[in-house]
Amino acid sequence: MTGSKFDVTVVGGGPGGLAGAVFMAKKGLKVKVFEKKKVLGKPVRCGEFFVVKEDMMKLVPRVKCPEVFDIPSEAIDNKCRAVRVISPRGKSFEFPLRSYVLDRHVFESGLAEEARSYGAEVDVGTQAHYYPSKDGPLVGVSPEKAVHSELVIAADGYPSETAQTAGLPEKEYAGPYSIATNVEYLMSGLPCEQDVAEMYMDPRYSPGGYGWIIPKGNGKANVGIGVRTPYLQRDWQIRDLLSGFIEKNKVAAPKLVGGKRESMIADSLPVDGPLARTYTDRVMAVGDAAGMVMPTNGGGIQTALVTGRLAGEAAVQYCQDGTPLSNYEDSWREQIGVEMENSRMMRQASDRLMSHGLLFHLLLRMMGPRRIAEVVMCQIPSGMGPIFRLLS
Ligand SMILES: Cc1cc2nc3c(=O)[nH]c(=O)nc-3n(C[C@H](O)[C@H](O)[C@H](O)COP(=O)(O)OP(=O)(O)OC[C@H]3O[C@@H](n4cnc5c(N)ncnc54)[C@H](O)[C@@H]3O)c2cc1C
């Protein structure tokens with residue numbers, strides 16, 4: 001388009017931004033991605049759990065770009081056959097769900113290489129800012145060094161400076177129940193099983209969230225907890241809660257005994273569903289920057305890939321014939337909107353029970369593995385819609 005150096009600048013080289021960049025560059029747009037990390041995907045701030053395409057398509061059957069769920073074999077560290085949910089009283093509920101445990105550094109590096117192969121520029125180690133101007137968007141390290149583009153994709157995670165500068169409702173989103181704080185160790189030398197991913201509902205050590213053991217193969221696992229502030233007592237330190245989970249949860253501790261804590265990360269995650277608005281006339285927000293995390297399980301890689309791709313499609317149409325960016329929001333609402341809304345409603349309903357270990361345990365017992373699987377995978381469990389709606 002006229003006078004711009006780039007058609008689209010993308011702030012953030014995570015799965016969302018890179019999925020968009022690959023699509024747009026392949027369609028011939030001039031694309032620039034800014035990523036502030038020096039190495040793509042590192043440090044890993046993620047459990048790296050990724051439901052395989054066939055099972056994911058049962059979860060989000062309206063998605064029209066299933067190829068974004070294809071993972072190259074070199075980016076797969078491990079494969080799991082099932083998920084096990086452990087109640088606050090230690091009862092296990094297992095259900096089949098095939099997943100990969102990714103190496104996000106390899107995965108994101110691969111996406112960046114693909115985008116580059118179609119002509120995109122991917123600048124790593126560059127923290128960029130969005131400067132709206134009357135001549136169109138400017139993005140760069142400073143206004144003087146910024147580049148012009150027709151459109152901007154905010155893919156800079158949560159909270160998103162880019163989305164906020166664009167006037168999207170980031171601040172309005174940030175309630176205490178809406179944000180989870182996650183802390184995680186990569187552990188090695190573990191005796192735990194390597195083909196089942198586990199979710200621990202334990203209000204003592206993961207208040208307002210859950211704990212996880214996600215095996216990475218060869219005795220390694222991502223071991224973490226997610227918590228939310230309304231459930232925390234004032235003197236609780238999140239790092240101590242994670243140690244408590246590793247050392248004292250009756251079911252988890254024996255599986256983690258003797259394990260070495262290799263590295264620790266912490267990050268926040270939006271868990272209240274998508275922002276009320278995800279686009280302006282020149283900007284689209286994708287992935288975490290747009291609140292695109294499944295509230296009942298905290299998974300956001302796949303929703304970032306889908307929304308990044310859909311923003312890419314909307315950008316191509318905008319550049320071809322001026323189709324407004326509302327097209328992007330219409331697309332994600334059509335393809336994943338129902339599941340995101342179900343998931344948000346069920347998270348809100350379970351909020352009421354999350355601090356009551358016994359009640360939560362009884363709820364899980366009443367539901368059984370099939371319905372628990374439905375909730376984890378963003379479906380309203382059979383026969384329980386009215387109960388969840390009443391509680392939400
Ligand atoms: C501890 C933890 C465990 C998780 N486990 C899982 C899991 O097992 N499975 C799952 O599906 N999801 C998981 N998630 C969520 C998942 O990691 C995110 O939803 C997903 O990474 C979102 O992708 P994204 O591209 O939107 O954002 P991100 O992956 O956050 O990428 C945003 C990128 O933008 C960059 N950036 C930010 N600001 C700027 C700037 N100004 N300039 C340039 N670059 C910038 C960042 O460095 C980052 O690389 C987890 C999250 C956490 C915190």
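**Exercise 1. Which residues does Val 31 touch, not counting residues up to four places away in sequence?**

Before we start, keep in mind that this is a predicted model.

Step 1. Look on the N-terminal side of Val 31: you'll find contacts with Phe 6, Asp 7, Val 8, Val 10, Ala 21, Met 24 and Ala 25.

Step 2. Now go further along the chain, where Ala 115 and Ala 120 also touch Val 31.

Step 3. Put this in context. The largest nonpolar core has 119 residues, and Val 31 and Ala 115 are the ones that touch the most other members. Helix 8 (residues 301-321) provides the largest share of this core, with ten residues. Domain 1 and domain 2 both give residues to the core, so it lies between them.

**Exercise 2. Work out how the two domains meet.**

Step 1. Start with the bounds. The domain assignment gives domain 1 as 6-74 + 103-175 + 272-345, and domain 2 as 76-100 + 177-270 + 353-384.

Step 2. Check the spacing: the centres of domain 1 and domain 2 are 27 Å apart, taken over C-alpha atoms.

Step 3. Count who takes part. Domain 1 puts 30 residues into the contact, and domain 2 puts in 28.

Step 4. Zoom in on the side of domain 1 that touches domain 2. Strand 3 (49-51), helix 2 (53-59) and helix 9 (326-351) each give two or more residues to that side. Sorted by class, this side of domain 1 has 13 nonpolar, ten polar and seven charged residues.

**Exercise 3. Describe the surroundings of the ligand.**

Step 1. Find the shell: 38 residues surround the ligand, and the closest are Gly 12, Gly 14, Gly 47, Gly 287 and Gly 300.

Step 2. Trace where the shell comes from. Among the elements that supply at least two residues each are helix 1 (15-26), strand 2 (31-35) and strand 10 (179-188). Strand 14 (260-270) and helix 8 do so too.

Step 3. Sort the shell by class, and you get 13 nonpolar, 15 polar and ten charged residues.

Step 4. Place the shell. Both domain 1 and domain 2 give residues to the shell around the ligand, so it lies between them.

**Exercise 4. Is Ile 380 buried or partly exposed?**

Step 1. Locate Ile 380 in the loop between helix 10 (357-376) and helix 11 (385-391).

Step 2. Count 19 other C-beta atoms within 10 Å of Ile 380. A buried residue needs 20 or more, so Ile 380 is partly exposed.

Step 3. List the contacts: beyond residues up to four places away in sequence, Ile 380 touches Asn 342, Met 346, Gly 385 and Phe 388.

**Exercise 5. Do the same for Pro 132.**

Step 1. Pro 132 sits in the loop between strand 7 (129-131) and strand 8 (138-140).

Step 2. With 15 other C-beta atoms within 10 Å, Pro 132 is partly exposed.

Step 3. Set aside its neighbours within four places in sequence, and Pro 132 is in contact with Pro 137 and Thr 165.

**Exercise 6. Sum up the overall build.**

Step 1. Tally the secondary structure: eleven helices and 15 strands.

Step 2. Test the shape. A compact globule of 392 residues would have a radius of gyration near 21 Å, and the protein has 21 Å, which agrees. Along its principal axes, the C-alpha trace spans about 65 × 45 × 40 Å.

Step 3. Look at packing: 51% of the 392 residues count as buried.

Step 4. Finish with the contacts between residues at least 6 apart in sequence; 71% of these join residues at least 24 apart.

Notes:
Residues are numbered from 1 along each chain as its sequence is written. This is a predicted model: local features need pLDDT of at least 70, side-chain atom pairs count only at pLDDT 80 or more; totals for chains, interfaces and linings use all residues. A nonpolar core is a set of buried Ala, Val, Leu, Ile, Met, Phe, Trp, Tyr and Cys residues joined through C-beta atoms within 7 Å. A residue is buried if 20 or more other C-beta atoms lie within 10 Å of its own, exposed if 12 or fewer, and partly exposed in between; C-beta atoms are placed from the backbone. Helices (H or I, at least four residues) and strands (E, at least two) are DSSP runs, numbered from the N terminus. Domain bounds come from an automatic or database domain assignment. Two residues are in contact if their C-beta atoms, placed from the backbone, lie within 7 Å. A residue is near a molecule or strand if its C-beta atom, placed from the backbone, lies within 6 Å of it. Ala, Val, Leu, Ile, Met, Phe, Trp, Tyr, Cys and Pro count as nonpolar, Asp, Glu, Lys and Arg as charged, and the others, Gly among them, as polar. The radius of gyration is taken over C-alpha atoms; the globule rule is 2.2 Å times the number of residues to the power 0.38.
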